[in-house]
Amino acid sequence: MIKSIIISTQRSPKLKIEWYHLLEHCLVEELQFLIDSSDLKETGIVLEAETFIDGFYVEIIFNDNKDYNNLIKIIRKAIKNVSESKIIFEQIEVLNEEVKHFDLTIE
């Protein structure tokens, strides 16, 4: 059976949406790194993420199996790692590239 876990946050009016988009990128990058470095690498976990005007979400789609507890540990570690680390500069470059190819009038 396929299941999913959703990590989401609502944007505070004090912070620009760009910071939430950067946070979403950093969290997905860290989740992917930790999953790829674990015994869950070959289990077919899929990450979907999107930033909206009012916040962002990351959905982790996985096959319901005995490794659920390991996945929860990875999620907790990823959130902790991102919250304790400095902004990942390579993600700023990724966002700069996205903005170059995106019509900002859509939103």
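Buried residues account for 29% of the 107 residues in the protein chain. The model is a predicted one. The accessible surface of the chain is about 7,600 Å². Carbon and sulfur atoms hold 55% of that surface.

**Overall layout**

The chain has 3 helices and 3 strands. Along the sequence they follow the pattern β-α-β-β-α-α. Now take the contacts between residues with a separation of 6 or more. Of these, 74% join residues 24 or more positions apart.

**Helix α1**

Helix α1 covers residues 17-36, which is 20 residues. From first C-alpha to last it reaches 29 Å. That is close to the 28 Å expected at 1.5 Å a residue. Which residues of α1 are buried? They are Y20, L22, E24, H25, C26, L27, E30, L31, L34 and I35. Among them, L27 and L31 sit four places apart, as do L31 and I35. An α-helix has 3.6 residues a turn, so residues three or four places apart point the same way.

**The nonpolar core**

In soluble globular proteins, nonpolar side chains tend to be buried together. Here, the largest nonpolar core has 22 residues. The residues with the most contacts inside this core are L27, L31, I45, I60, L71 and I75. Four elements give two or more residues to the core: β1 (2-10), α1, β3 (55-63) and α2 (68-84). Helix α1 supplies the largest share, 7 residues.

I60 shows how the parts meet. Residues up to four places away in sequence are not counted here. I60 then touches K3, S4, I5, I7, L31, I45, V46, L47, L71 and I75.

**Two residues of α1: E24 and V28**

E24 is found in helix α1. This residue is buried yet has no salt bridge. How far away is the nearest side chain of opposite charge? That side chain is R11, and it is 12 Å away. A salt bridge needs a side-chain nitrogen within 4 Å of a carboxyl oxygen, so R11 at 12 Å does not form one with E24. Leaving aside neighbours within four places in sequence, E24 is in contact with A49, E50, T51, F56 and V58.

V28 also belongs to helix α1. With neighbours within four places set aside, V28 is in contact with L47, A49 and V58.

**F62 and Y68**

F62 lies in strand β3. Is F62 buried or exposed? F62 is buried, because its relative accessible area is 5% and the cut-off for buried is under 20%. Beyond its neighbours within four places, F62 is in contact with M1, I2, K3, S4, I5, I45, Y68 and L71.

Y68 has its place in helix α2. Y68 counts as partly exposed because its relative accessibility is 37%, between the limits of 20% and 50%. Not counting residues up to four places away, Y68 touches I5 and F62.

**Apart in sequence, and in space**

Three pairs set sequence separation beside the C-alpha distance.

| Pair | Sequence separation | C-alpha distance |
|---|---|---|
| F62 and G44 | 18 residues | 6.7 Å |
| V28 and I60 | 32 residues | 9.6 Å |
| Y68 and L40 | 28 residues | 9.7 Å |

V28 lies in helix α1, F62 in strand β3 and Y68 in helix α2. Helix α1, strand β3 and helix α2 are among the elements that give two or more residues to the largest nonpolar core.

Key
Residues numbered from 1 in each chain as written. Predicted model: local features only at pLDDT ≥ 70, side-chain atom pairs only at ≥ 80, totals over all residues. Heavy atoms only, no water. Expected span 1.5 Å × (residues − 1). Buried < 20%, exposed > 50% of the residue type's maximum accessible area, 1.4 Å probe, protein only. Core = buried A, V, L, I, M, F, W, Y, C linked by side-chain atoms within 4.5 Å. Contact = heavy atoms within 4.5 Å. Areas by Shrake-Rupley, 256 points an atom, 1.4 Å probe, with all protein chains shown as cover. Lys, Arg positive; Asp, Glu negative; His and termini not counted.
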